[in-house]
Each structure stands twice: as C-alpha cells, then as structure tokens.
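Q: Please explain how the features of a protein model are read, beginning with burial.

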Amino acid sequence: MTDDDDFRDDLTAVERKWQAEWEREGLFEPDPTADEKFYVTVAYPYPSGGMHLGHVRTYMLPDVFARYQRMQGKNVLFPMAWHVTGTPIIGALNRVQEGDEEQISTLRETYNVPTEVLEGFEEPMDYARYFVDNSYKPSFKRLGFSVDWRREFTTNDEAYNRFVEWQYERLQERGNVEQGLHPTKYCLKDENPVTTHDLLEGEDAERLEYTVVEFELDGRTFPTATLRPETVYGVTHLLVNPDVTYDVVRVDGETWLLAAEATTKFTHQDHETEVLSTVEGADLVGETATNPVTGDEVPVLPATFLDPDEGTGLVMSVPGHAPYDWISLQDLKRDPSVLAEYGVDRSVVESVEPVQIIDSGEYDGLPAAAACERHGVTSQDDEVALEEATDEVYTTEFNDGVLRENCGRFAGQAVETAKPALIEAFRDEGTFDRLYDFTEPVVSRSGGTVVVSLQESWFIDYGDEDWKDQVRRHVDEMNVIPEEKRQEFHDTVDWLEQWPCIRNYGLGTRLPFDDEFIVEPLSDSTVYMAFYTISHLLEDVDPSALDPAFFDHVFGGEGSAEAVAAATGIDAETVRAARESFSYWYPLDWRTSAYELIRNHLTFMLFHHTALFDEPNWPQGVATWGMGLLEGTKMSSSKGHVVVAEEAIDRHSADIIRMHLFASNEPWQDFDWRPDEVDERVTQLRRFRDRVREWHGAGVERDHGLADRYVLSRLQAVVRETTEALDDFQTRKAVLGGFFGLNNLFNTYLENVDEPSAAVLDSLLGTQIRLMVPFVPHLCEELWTETGGEGYVSTAAWPAVDESLVDPDAERRFEFVEDAVDDVRAVADLVDEFDTVTLVLAADWKRDLFADLREAVEARTEFGAAMGRLTDGREEHGEAIQSYLRTYMDSPQDLPDEVMSRDEERAALVDRRGVVEGPFDARLEIVDESETSHERADRAEPGQPAIILE
C-alpha cells in the first residue's frame, strides 16, 4: 500500500470516531439561547432511489455554512427531513411489483438493493424508509453533516399532515386557493395529475396552446392544430399521414377526424368524445376540404413525416410563410409520382400556388421561399437549416409583420395584435377550437404517458397581482446568492399564474376542505422550514390535537398558550415551548437549493411565507447551487446515471469528497465528478496532516524578526479573505486561501528562517486547522485534539484578524528582499562563477522622481508636459527621466506602489542577509549608487537594486 492508501484508511477511522463522538455529545442539537442564531435549510430529499453525489453537494453546502457560522459564535440550526409526498414512490414500487426490468436493474445494480429486499416491499413507505435508512441518513452521517436529527420527519407523518392542513385552510380563507378547470399534466397510466418531480422523461417540456382550425371535409371536420392561426388566410392544402389510421370521432356532437393520440387529448380537455369508426389516412389523400375562414377549397395531400402524436395528427399547409411547408411542396412537385400511388393526378399538386398574406419589410416575395434560400435549404432533409429558417420567419413576422389586403376583416393589422383578436373572433363563431399539448413526449416515473388534461382542480392563484407585488418587493429586499439569480425570481413571479395543488391519490396530506384530493408534492413543501422549529417538541403530542388554533398561536402569536391548551388538550408548556422555538429561530436566515428550483419550489416558498407569516418572519436569503455532472452528463437517479454516495465514501472517504467538492468550483457553478481528480486530494490532505504533526511543538522562543512579522501579517490577510469568501458563500475562494494559500505561506516561512519561531508555527497551524473545519471537519477535529486544542474544534472560535499583527512595513521589506533574490537568480543564470553579490541601492533623486512619476502616469499627463514637470530641478538627469517616463507610461502596472528609503532597503537586506547569500554561496555587499562607478550601477531603481556579480 502507498502512503496515500494508508492515509485514506486512517482518515476513514478518524471520521467514524468523530461522528460517533459528535452524536454522543449532541453537539449539533441546538435549543433557544441568548446567543445570536443562524438558521439554514436545504430542500429535503425525495427518497425514490439512493443518494448520489449530485445530492451530496446539494446537502453538503449548507453544512459548510452551518459549521462556519457555528464557529462565528452563533447558535446554529441545520435540520433535515424526508419528502415522500405524491406518486413517484408509489410508481417506483409499482414498477418493481410489476417486474419492470429497467427499474429492478437500476435498483439492484446502481443502488445495490438486495433481491430479497425488493421482493419484501409491500407499501410505498416500505420503499421510502429503505432508502432513508439505508442510503440517505447513513450517508449524511458518514459525510459529517452537522444536522439536528431530533427534528427529522417525513411528509407522510400525521403531525406534518395537520401542519399542511392548517396552511391550506388559511390560504383558502385569504382567497389564494380556488377551484376550477385548469390545464394539468396528467398520467394516463396512474389516472392522476403529476408535476415535474413525478416525471421520468420530458421534465423540460413546455405546454403549448394550439389553435385548432376546423376545415370541413365531406360532412366531417378535418381539424388542424397550429401555433400560427393568423396564417389561415394563406392555406393552400392540407396534409395527412397516409400510413396512419385515424379515428372518426364524435366530438361534442360533431364528427371529427383525429389521430388516436389526439382523440385521447381531446377526451381529457373538456370535450365529450366517442370513437365511431376508423379511416385510413391513405383514403383521405386527394379529397377536398373547405377553409372555414376563406371558403376556399383546398386538396388533401400526403405527408408521411407527420407525427400522429403532434397536435391532431393533421396539418394545414401555408407554403408562403412556413419553410417546412414550402420545401415539402417543392419536393412533391419535383416528384409528383408519389401522388399516383393514391390515385391523385399530378395536376392537383401542380395547381397549388403559395399565397403571401403578411408583409414585414424583410423579404422580397414569398417569405418562406426567401428564408429557405437564405439558409441553404434544398430539401426536407436539411433539418437544422429548416429550423433556423422557420424561427427567422416566425419571429420576424410576429414582431414586424402586417396582414395584407387578402386577410379579410384583419387586413392592415399588425400580426402581434391581430393574432389574439382573430383567435377570439373565430372561436366565438365556432370555426376555431383549442388544444393543449407538449413540445416533446412526457412520461411519468411509473412509465405512463402524460398528456395535458383539463381537470376540475383546486389551484393556488399565483396570478393574483396584489400577491405578486408583495413577493416582488420581498425579492428586491432579500439576499440572493448569486446575485444574478434575483432576476430569475422576478421572471418566475411574473410568469406564474394558477398552479394545480392537488392529486387524485398518493402519499401526503388530504386537502382539508375537499378530502377527495391529496395536496401535491410541490404545494405541501413551501413553509416546512417553520415546522422544523417545533417538530421535535411534538413527539408526545397526539396529532389529532394539532388544531389550526395551535399553529395560529405558534406561528402568528394569536391567543394565549393557556387558551390553546384548553382548546386542544396539548400541554400549555409544550405550546409555550413551540411558540418560543419558532420565535427564536425565525426568520429563516438562508434557504439553499439547486437553481433549477427557482422556477417552482423556491418561488412558491416566497409566495406562501408572505401569505402566512408576518413580514419580519419572511425568509432573509436564498442561495442556489449548480448541477452535478458525472463525466460531463447530468446525474439522474431515475436513469441510474449516478455515483452512489456510499460507494464514493467507501472509495475516497468523507473529508476527501468534501475537500474536492469545495476546492473545484464555486457553489453556483455546475460541478463535474471525475474520480481520478478526486484522488489528487488525498495527497494534499495527507501532507496537511503530516505538516501539522511534524511542526506542532517545534520552533524556538525568540523575538520576532522580519520573516516572522511578515508571515504573521500575511496570515491576517488570509484570515480576512477566507472569512469574506465564506460570508459571500464562495467556498472555492475560501479553500484556495485557507488551505493552498496558507500552505504556500508556511513553505515561504520555512525557506526564510534558520530556526522558526514556535509562536509563529503555532499561529500558522492553529489558524489553518480552524479555517479548514467547514471543509474537512473530521481531520481538523483530530488535529485539534492532537495539538492540544480545548473542546471540539467544531465549536471553537473562528480565527479573527489581529490588527496588531498587520504590518505593511514588514510585508514591504520582506517582499523587497524576495524580489531581489529572484532578480539575482535570473542574472546568476548568465554568469559562470561569482563569489560576491553586490546590490546597488538607487540614489535619492530617483526615489523623489518615482513619487512624482506615479502621479504623472496615473493622471495620464501628456508626455511633453510630464517631462517638463519631472525634469524641473533635475535637468542633469533628463535622459534617464525620459527613459523612465516612456517605460512606465507604457507599463504603469510595473511602477512600485510605495518607494522605500535607502535606509529601509538596506535594513531589510541586512536583516535577511542569509536569504540572499545562502542560495548562491556568495558574500553580499550593499552599496549606494553614489558609492560605486560600476557601469551597471545606474540601473538601480527604487525597490529594484542593480546587481553586480563578481
């Protein structure tokens, strides 16, 4: 085994030791005190599978800040619970029980669930508890999270159900929850509404609202779905897929032709449907239909590329303004033989002539034809170019287009304003309808197809403008990390309208005023941060006693503890303790989660807090993190593309994982897990441990010299920068300073002293141990004990800047000598032998000049004027001054910030004579520029002595 392998084994043992010790001492179980509090939470896990490394960073980041704030002397609460609401866990269990090979394989091979355990799952909570007890919670503990486990709960617990019931009773009383038809994601297999968290595929699919144009074909409706209903005036033909069998459907008393998939969609969108028969698409080719707006007769032509699952499976073709339609018509005209297969004469397609109905000023002639030519489209196979051409035409015409004179009553109107008016008018006349659909296929975690369904639903009215304004104001006032995400919160507030808040079945809380329904997963997870503050106090309380009056008192101060106790039967002391706990811990200081949750959960949290709590108790800040990638691809539990947390800990150890995650990226950046890179951290932490052990207790007692004062001064800068970084949630910057920066400072110190000072060594080692606690707490706890630290380093004081040790003069002198040694080294490479290093210190006139020179350069004074000012009284040095001025005007950054006197430079060199002489085995001589006639002497500048090697 290598030294690194031995260290990793040692570190694993150290981690187990301190985890047990922290738990035994209840070190992270805070209660209200007189101390300042810090309360941080993270979106709780959904245990539908095992914990992976994407989860690890999400939940580890708040632990870093909890540990940091704890060392700042604050009373810190970091709680955890388990989100099991809804259908994903039920769906996952059903897939196991149905023998779904993909699901079973993922659970066995990715999450190592034994076969006998899989076969023993009977209830959804069996499934959930397995992953809580065998993956999430053990991993949280093994990673050293400073969680208060007394407050643990699941969203299926009865006490939590009562808490959610209270929320929804109060929201309904405020008018924030209403009932009505609403477009909802609906799983056909489960016969249940779903949200994004319930999906296996299509998580990013957008919901589209198509306009359905009802063409008439031989007594039947030929409905085409379009996103550009204004182009109905330019329809030249219709398209049908000849390879598809279409339903003949009674829709609200009319006979429609629909792809079978579209029949299902209409059935779920408030239409009465009855399939009467079927018809082959091929039999519709060559028929003629009537445009309901223009009355034009248009032919039905074949298009095998039509997707029956897109829209209605039938399409109206507008080749003048749709690049796809234009090129498909050209392809058909080039090879009309395809029509012969369906008994259609070629003259039918040859007679189809595109019509221009929109002017935009962008195109000469037909827009679709011009765009195809511009983007090099030559056939339907040019898909990328076709997409570009389509986007260009649609965007141009929507923003700048005007309907031409052949557009009936809407002629002369801008497309942007005519479109909604046209839709409303023709819907009222019964020639247009509506169809909701997705931009891509959507599949639930149970494997069911998801459609848009108009459901009689309870929904939260996030569209209420007064409520929005309240949230907008709070978004402006709260802290947001990173700052650029503040606008995304505003965009989400603006975008949100009605949100269906129920499911037909699943785990979770029954809607208190309509117990047919379950509150859906995102809607029951909005203010549970408040429940953490009291959950541990309710263990012995009968959940049925948790009347809304209890929560009104605890969270709003309504009534007295005695009155609540009398009304509910809950002990008055418990009521008082709950009120005290909430009042102490609220408001929530920071909510943390992945940035993708801004579009739902995190913004919902703000809405619900503003509705249910007084303003002083609204969340103070939200910090969002990037995604976890595995070898460049997003991690996904449901798809098995993950590194399981337990396996990563077994291979690397907890502190090495923590170190890597925080040293590699800032939290808001996506991180890419590559195991070989993680292994590099082993050596870095081993050397840290070994250095502490080697140098603790070493050194001598003596007065501080220049190197000592320099290191102690720079140490204060490292402490200040690391602290500021963590105040701003910049973990990578903090590790770069507190670990790597201090390592460099330590090495610099040892290189510059013959015997290190014991006091300086103790300060360096003790400070670095404490600065690294948030990142590698187990190793730091061990080293703290080994070096004689009192108590636990996890609760020790964070290093503070000692202003008395900040010594700019020592830093300036030390760095002057360091620079001089570097310069000597560069010259020494050009000289064969020498035994004397002579450093020539610049004359005083140069020091005076450089002060004036900086002023001239910073003021960007014109060259001639600057020369006149700088040579005044220094005329004999005019040539040198001209050279300096040209050099530093071109490179102002090279000017020294401060100019030391000759005596200061001499004293610094004398103090560190050994540092200059040692590397070169040569004697140091220090002379003033006026004391030597050597030809190189005039090269001396303030801060940069001339060098003579002899």
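A: A residue is called buried under 20% relative accessible area, exposed over 50% and partly exposed in between (1.4 Å probe, protein chains only). This is a predicted model, in which local features need pLDDT of at least 70, side-chain atom pairs count only at pLDDT 80 or more, and totals for chains, interfaces and linings use all residues. Residues are numbered from 1 along each chain as its sequence is written, and side-chain values use heavy atoms, with hydrogens and water left out.

Q: Which residues of α1 are buried?

A: Helices (H or I, at least four residues) and strands (E, at least two) are DSSP runs, numbered from the N terminus. In α1, the buried residues include Phe7, Leu11, Val14, Trp18 and Trp22, together with charged ones by the usual grouping (Asp, Glu, Lys and Arg), among them Asp4, Arg8 and Glu15. An α-helix has 3.6 residues a turn, so residues three or four places apart point the same way.

Q: What do the buried residues of α1 pack against?

A: Contact means heavy atoms within 4.5 Å. The partners are α2 (53-71), α6 (124-142), α22 (645-652), α23 (654-664), α24 (675-695) and α28 (777-786). Just after α1, Gly26 takes a positive phi of about 60°.

Q: How is the angle between α15 and α16 to be read?

A: Axes are lines fitted to C-alpha atoms, for helices over the stretch in contact, and angles run from 0 to 180 degrees between N-to-C directions. Angles under 35 degrees count as roughly parallel, over 145 as roughly antiparallel, 65 to 115 as roughly perpendicular and the rest as oblique. Helix α15 (residues 465-477) packs on α16 (residues 486-495) at about 175°, the axes being 10 Å apart; the pair is therefore roughly antiparallel.

Q: Where does a cis peptide bond occur beside α16?

A: Most residues other than glycine have a negative phi, and most peptide bonds are trans. Here a cis bond joins Ile481 and Pro482, with omega about -10°, and Pro482 lies in the loop between β20 (479-481) and α16. Another cis bond joins Tyr586 and Pro587, with omega about 5°.

Q: Is Phe729, with its positive phi, buried or exposed?

A: Phe729 has a phi near 65° and lies in the loop between α25 (706-727) and α26 (731-751). Its relative accessible area is 4%, so Phe729 is buried. Glu191 also has a positive phi, about 55°, but Glu191 is exposed at 54%.
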